[in-house]
Amino acid sequence: MEKESLRQLCGRIDVNRQWHDSYVSFVPRFVAEAQAGKRWEDWDKGVFYEYFERSQGQCVASVAQKYFTRDDRARLKSAWHEVAPLLKAIAEHQDEPQWEAYRQLKKVVRAHTAQDLRAATNRLVAGLQPRLLCSIVAEHQLEELYMLLGRHVSDRLPEYRKGDWFANSYNITRLFCDALQPADPMDIVTYPWQLLEYLRDKDNKQYLMDNYIEEKAQMLERVKNMVLTGPPGTGKTYLARRMAMKLVGVDTDEQLAASGQFGFVQFHPSYDYTDFVEGLRPVQSDDNGNVGFELRDGVFKQFCRKAMEKGSMARLDEAIERFKDDCSETPVKVKNKSGYEFSVAYRGGVTFRVRSDKSEAAEGRDFPANIDSIKRLYGGRKDGIYNMAYVSNILQHLKDNYGVPEYKADMADRKYVFVIDEINRGEVSKVFGELFFSIDPGYRGPRGAVATQYANMHEGSELFYVPANVYIIGTMNDIDRSVESFDFAMRRRFAWVEVTAGESAVNMRLPADVAERMGRLNDAISETEGLGSAYHVGGAYFLGTDGRPDTDIRGVWRFRIEPLLREYLRGLPAADAKLEALRTAFMDGGKG
């Protein structure tokens, strides 16, 4: 996950003005009352109520049911001679932590209340030193903020001290002040809590997106071929790449490209069979200036051939079968590491039969070398192998004489994903040709082999098939009428999955206010005569060039959405009036 600076993340947060204004109104008054060292009866009644009697919605932090009960307040008032001096000691030092006073206040409050109300005590301390301590007073929530910052923030974080809210709160406040450099620390008192909520929402959206991609990838694994369809800007191409990452087993675009298991092409009206499957291509002219042609595989056929490459274990299996044939009639001589020979024969079953040429044992006296043990040793497992010397020497013989390579992780389970962007913009039946049969999930592999259009130019008139480990994802926009180029034979070979504008808001992690604005616009589009859900606007229209939500809503409308809607409405009755109605819906009922 890409990390950002704390300053960048906070730049996406609008200060909660109501909370901020309440905070800067009450907190200085609370500090002043505490500095005066008054009896509780002499305190400003509004301030005392805010900090000692209000059960929820307090200006520093709402701790709801964990605040002081009526009995708790009565006991604290009776012990005010212990409480007041500690409040005063803390309030008199606005620029220096009072660690011992914090702890003493915590002990006093604990001694005079029915339960350990740590958050309530922390709230008192945070209100007394607002420039040093943060407004997250519950210890588990402050720990959660540390965890989320570690996941999302590139700044160097202070060490988290388990069970020491005072130190952790102080360090977090310093972190925010150093990153944001406010003229007055009181200007950013709401940021820690607001950032906690922002990162929670971001993680939740990431979780939803990961689940969404996992669900679609599992479906692709079952159906083999899928078309992602939906309105423009819903991230269909992005989703296709993420599904490919999931199936291939990588985490980044760079890893996907380096895997060799991903292919991508974009169809267009002039794209044809020779580009996709195979065809004649011009080659460099000869000395006389004559241009020749040669038969070349298209991009999809090349991709399928790569997916057909056998892994090293498959190569060993082939070598073993050949070796069985070679030693079935006459034993084959195999040398050990010292150069001595022994004979290997195969008489059926799961073992080769080995007889040392130096042995004086009677004819027929031999030893087994288990074929499965040869495979296990090749894969690096040495445990439980009987007659290890014979097994090892036969394996080496297969490497030396049958082209068995050094072992690499078997490629048999590797999945290859081929994405066709704008699949409907090509004349699909002509581009695929006879492969429309081979891509059918029920005819993958050799049983679906077909003769290509240029088969007679290959030696032996080769047949070609689409391997079972190749998965095809197409993308297309609902409103593109070229979907009609899909005939029914092709359409039934693909699973059709709609990607809605609402899903794109989650997948692209749009802020709640942006997603709401997009929803209002799309509701209005659905109700506009001549349009409908196929003309919805996806989340991509709300992203900047850096892939993050664009905060310039007027610019988003003017340069991205309005031109698109004008094109949608071209030729429709009352187009200008309809556009104005859509603008009003987008601009927050005309308030934007």
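Two strands are taken as paired where DSSP finds at least two bridges between them, and with that criterion in hand the tour of this predicted model can begin at its antiparallel sheet.

**Stop one: the four-stranded sheet**

Select β5, β6, β7 and β8, which form an open sheet in that order, β5-β6-β7-β8, with antiparallel pairing. Its edges are β5 (332–335) and β8 (367–370), each of which pairs on one side only, and from one strand to the next the twist averages 40°. Now narrow the selection to β6 (residues 341–345) and β7 (residues 351–356), which are joined in the antiparallel sense over four bridges; within this pair, V344 stands opposite V354 in β7. Adding residues 371–378 brings in helix α16, which lies across β7 and β8 and runs at about 50° to β8.

**Stop two: the five-stranded sheet**

Move next to the open sheet whose five strands follow the order β2-β9-β12-β1-β13, where the pairing is parallel. Here the edge strands are β2 (262–266) and β13 (495–498), and each of them pairs on one side only. Looking along the sheet, you will find neighbouring strands turned by 20° against each other on average, direction ignored.

For a detail of the pairing, display β9 (residues 416–421) together with β12 (residues 470–477), a parallel pair with five bridges. Which residue of β12 does V419 stand opposite? The partner to label is I473.

Then show the helices that pack here. Helix α10 (residues 191–223) packs on the sheet and touches β1 (225–230), β12 and β13, its direction making about 140° with that of β1. Helix α11 (residues 236–248) lies across β1, β2, β9 and β12, and it runs at about 165° to β12.

**Stop three: a helix crossing**

Leave the sheets and select residues 17–36, helix α2, along with residues 118–128, helix α7; their axes come within 8 Å and cross at roughly 90°. Because angles of 65 to 115 degrees count as roughly perpendicular, α2 is described as roughly perpendicular to α7. To see the contact itself, show Y23, V27, F30, V31 and A34 on the α2 side, which meet L124, A126, G127 and L128 on the α7 side. Coloured by class, this contact comprises eight nonpolar residues, one polar residue and no charged residues.

**Stop four: the cavity**

Keep Y23 on display, since this α2 residue in the helix contact is also one of the residues lining the largest cavity. How many cavities of 30 Å³ or more does a search of the whole structure find? The search finds one, and the space in the largest cavity amounts to about 90 Å³.

To display the lining, add P130, L133, C134, S135, T173, F176, C177, P185, I188, V189 and P192 to Y23. Helix α9 (residues 165–180) gives the most to this lining, with three residues. By class, the lining residues of the largest cavity divide into ten nonpolar and two polar, with no charged residue among them.

Methods. Residues are numbered from 1 along each chain as its sequence is written. This is a predicted model: local features need pLDDT of at least 70, side-chain atom pairs count only at pLDDT 80 or more; totals for chains, interfaces and linings use all residues. Side-chain values use heavy atoms; hydrogens and water are left out. On a 1 Å grid over the protein atoms alone, a cavity is a set of points where a 1.4 Å probe fits but cannot get out, and a pocket is an open set with protein on both sides within 12 Å along at least five of seven lines; lining residues have an atom within 4 Å of a point. Grid points are joined across faces, edges and corners, and a volume is the space filled by probe spheres set on the points. Helices (H or I, at least four residues) and strands (E, at least two) are DSSP runs, numbered from the N terminus. Ala, Val, Leu, Ile, Met, Phe, Trp, Tyr, Cys and Pro count as nonpolar, Asp, Glu, Lys and Arg as charged, and the others, Gly among them, as polar. Axes are lines fitted to C-alpha atoms, for helices over the stretch in contact, and angles run from 0 to 180 degrees between N-to-C directions. Contact means heavy atoms within 4.5 Å. Angles under 35 degrees count as roughly parallel, over 145 as roughly antiparallel, 65 to 115 as roughly perpendicular and the rest as oblique.
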